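Thank you for letting me speak today. I would like to walk through one structure slowly, explaining each term as we reach it, so please have the sequence and the model in view.

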Amino acid sequence: MQKCISNENETLIHPFKPVVFEDSKILILGTFPSIKSFENNFYYSHPKNQFWDILANIFNEKKPKSIEEKILFLKKHKIALWDSICECKRKKANSRDDNLEIIKPCNIINLLKQYPNIKKIALTSRTAEKVIKKHFLNSQFSILNSQLIYLPSPSPLNARLKFQQKAQIWKKLLELM
């Protein structure tokens with residue numbers, strides 16, 4: 001298992017490759033894997049994170065459990081999944097975004113060039129939004145300027161919206177209504 005908490009001078013490297021398919025139409029970007037995601041070796045693995053519950057709800061399907069089921073679910077719905085930060089330091093032993101010291105963003109432009117069917121980028125955190133705006137929004141790559149949307153965070157720390165409200169917003173913004 002890869003280490004997920006850095007000491008003062010240690011850099012954490014993103015442990016997962018992007019989950020993306022030739023026919024992916026939406027790229028969902030988070031910030032950086034949580035400690036639980038590192039431990040469970042896949043995206044959005046904290047048991048209280050609502051990511052997989054929200055997707056299952058808006059597609060009217062049962063929640064995928066295993067990594068294989070999650071990958072098949074994403075493929076079926078033409079969703080790519082990655083994060084905005086590929087290298088950072090985690091200042092404290094928790095997964096809050098404000099504990100991350102960003103060193104290097106992920107190469108979103110390169111991914112989009114490889115997968116031209118992606119027409120929309122959905123961000124699941126304000127930190128991911130800041131990273132994209134700071135590092136990529138001035139690029140010549142038009143999708144980053146026109147099809148960028150913010151989804152309410154599925155994190156258990158985002159308690160200002162109830163689950164059903166989040167699911168409705170996701171459904172509308174992902175144009176699934």
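Let me begin with a definition: a residue is called buried when its relative accessible area is under 20%, exposed when that area is over 50%, and partly exposed in between, using a 1.4 Å probe and protein chains only. By that rule asparagine 107, with a relative accessible area of 42%, is partly exposed.

Before going on, I should say that this is a predicted model, in which local features need pLDDT of at least 70 and side-chain atom pairs count only at pLDDT 80 or more, while totals for chains, interfaces and linings use all residues. Residues are numbered from 1 along each chain as its sequence is written, and side-chain values use heavy atoms, with hydrogens and water left out.

Now for the overall layout. The protein chain has seven helices and seven strands, where helices (H or I, at least four residues) and strands (E, at least two) are DSSP runs numbered from the N terminus. Read from the N terminus on, the order of the elements is β-β-α-α-α-β-β-β-α-β-α-α-β-α. Of the 177 residues in the protein chain, 49% are buried. If we call it a contact when heavy atoms lie within 4.5 Å, then among contacts between residues at least 6 apart in sequence, 67% join residues at least 24 apart.

Aspartate 83 gives us an example to look at. Where does aspartate 83 sit? Its place is in strand 3, residues 79-83, and at 3% relative accessibility it counts as buried. Not counting residues up to four places away in sequence, aspartate 83 touches nine residues by name: His14, Leu29, Gly30, Thr31, Phe32, Pro33, Tyr43, Cys106 and Ile108. The C-alpha atoms of aspartate 83 and proline 105 are separated by 8.6 Å, although these residues are 22 apart along the chain. Our opening residue, asparagine 107, is 24 residues from aspartate 83 in sequence and 9.7 Å from it in space, C-alpha to C-alpha, and it lies in the loop between strand 5 (100-105) and helix 4 (108-114).

A second example of this kind is lysine 89, which is in strand 4, residues 85-90. Is lysine 89 buried or exposed? With a relative accessible area of 16%, lysine 89 is buried, and its C-alpha is 5.7 Å from that of leucine 12, with their positions 77 residues apart in sequence.

Let us turn to the aromatic rings. Rings of Phe, Tyr and Trp (its six-membered ring) pair if their centres lie within 6.5 Å, and planes under 30 degrees apart count as stacked, over 60 as edge-to-face and the rest as tilted. How many aromatic pairs does the structure hold? There are seven. One of them joins phenylalanine 42 and tryptophan 52, which are stacked at 6.2 Å centre to centre with 25° between the planes. Phenylalanine 42 lies in the loop between helix 1 (35-40) and helix 2, while tryptophan 52 lies in helix 2, so the pair ties together parts that are 10 residues apart in sequence. Phenylalanine 42 is buried at 5% relative accessible area, and tryptophan 52 is buried at 2%. Ring pairs also link Phe16, Phe42, Tyr43, Tyr44, Phe51, Trp52 and Trp170 into a cluster.

Finally, I would like you to look at two asparagines with an unexpected backbone angle. Most residues other than glycine have a negative phi. Asparagine 41, however, has a positive phi of about 65°; it is in the loop between helix 1 and helix 2 and, at 48% relative accessibility, counts as partly exposed. Asparagine 60 has a positive phi too, of about 60°, and is found in the loop between helix 2 and helix 3, where, at 74% relative accessibility, it counts as exposed.

To close, please find serine 155, in the loop between strand 7 (148-150) and helix 7 (163-173). Serine 155 counts as buried at 17% relative accessibility, and, leaving aside its neighbours within four places in sequence, it is in contact with Asn49 and Lys166.
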